[in-house]
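Let's take a relaxed walk through this protein, starting with how far to trust the picture and ending at its surface.

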Amino acid sequence: MVRLHQSVSDLAEQGLRSLFIVLKAHRRVFVNLTRGLSRARPNTTVPLPLETNKIRDALNSPDPACALAVALVAFHALTGPQLQALILTDIVDG
């Protein structure tokens, strides 16, 4: 899974790990010095800001399924897997 936002330290750590993997594969170093380091895990529970105009347009969408999905995410904080598990038969007629 690709993270949308990476800090400079995350990128530096990833680059350093990649460098030592390549150097070890080419037998330029004897030991991968980053092997013992614990990986820094970024806080993925903090939501990223979204553009208000796009949310407003999606809430007023002529497609009721789209408007419902955006409302459930925006107001009830449903996650991606929860949205995928929903079964929508007929939103217009109930």
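## Confidence and overall layout

Among the helices of this predicted model, confidence bottoms out in H1, with a mean of 80, and peaks in H2, at 93. Taken over the whole protein, the average pLDDT is 77, and 74% of the residues reach a score of at least 70.

So what is the chain built from? The secondary structure consists of four helices and zero strands. Going along the sequence, that reads as α-α-α-α.

How much of it is tucked away? Just 9% of the 94 residues count as buried. The accessible surface adds up to about 8,400 Å², and carbon and sulfur atoms account for 61% of that area. As for contacts, take those between residues at least 6 apart in sequence: 24% of them link residues at least 24 apart.

## Two loop residues with positive phi

Two spots in the loops have a backbone angle worth a look. Arginine 27 isn't a glycine, yet its phi is positive, at about 60°. Alanine 77 also has a positive phi without being a glycine, with a value near 55°. Here they are side by side:

| Residue | Phi | Loop | Relative accessible area |
|---|---|---|---|
| Arginine 27 | about 60° | between H1 (8-25) and H2 (52-59) | 74% |
| Alanine 77 | near 55° | between H3 (64-76) and H4 (80-85) | 56% |

Are these residues buried or exposed? The cut-off for exposed is over 50%. Arginine 27 counts as exposed because its relative accessibility is 74%. Alanine 77 is exposed too, because its relative accessible area is 56%.

## A greasy patch on the surface

The loop between H1 and H2 holds another residue to look for, phenylalanine 30. With a relative accessible area of 80%, phenylalanine 30 is exposed. Together with Val31 and Leu33, Phe30 makes a nonpolar surface patch of about 410 Å².

## One salt bridge

How many salt bridges does the model contain? The count is one. The partners are glutamate 51 and lysine 54, whose closest N and O atoms sit 4.0 Å apart. Both glutamate 51 and lysine 54 are exposed.

Definitions and conventions:
Residues numbered from 1 in each chain as written. Predicted model: local features only at pLDDT ≥ 70, side-chain atom pairs only at ≥ 80, totals over all residues. Heavy atoms only, no water. Helix = DSSP H or I, 4+ residues; strand = E, 2+ residues; numbered from the N terminus. Buried < 20%, exposed > 50% of the residue type's maximum accessible area, 1.4 Å probe, protein only. Salt bridge = Lys/Arg side-chain N within 4 Å of Asp/Glu carboxyl O. pLDDT = per-residue confidence, 0-100. Patch = residues over 30% accessible without salt bridge, like charges linked within 9 Å, V, L, I, M, F, W, Y side chains within 5 Å. Areas by Shrake-Rupley, 256 points an atom, 1.4 Å probe, with all protein chains shown as cover. Contact = heavy atoms within 4.5 Å.
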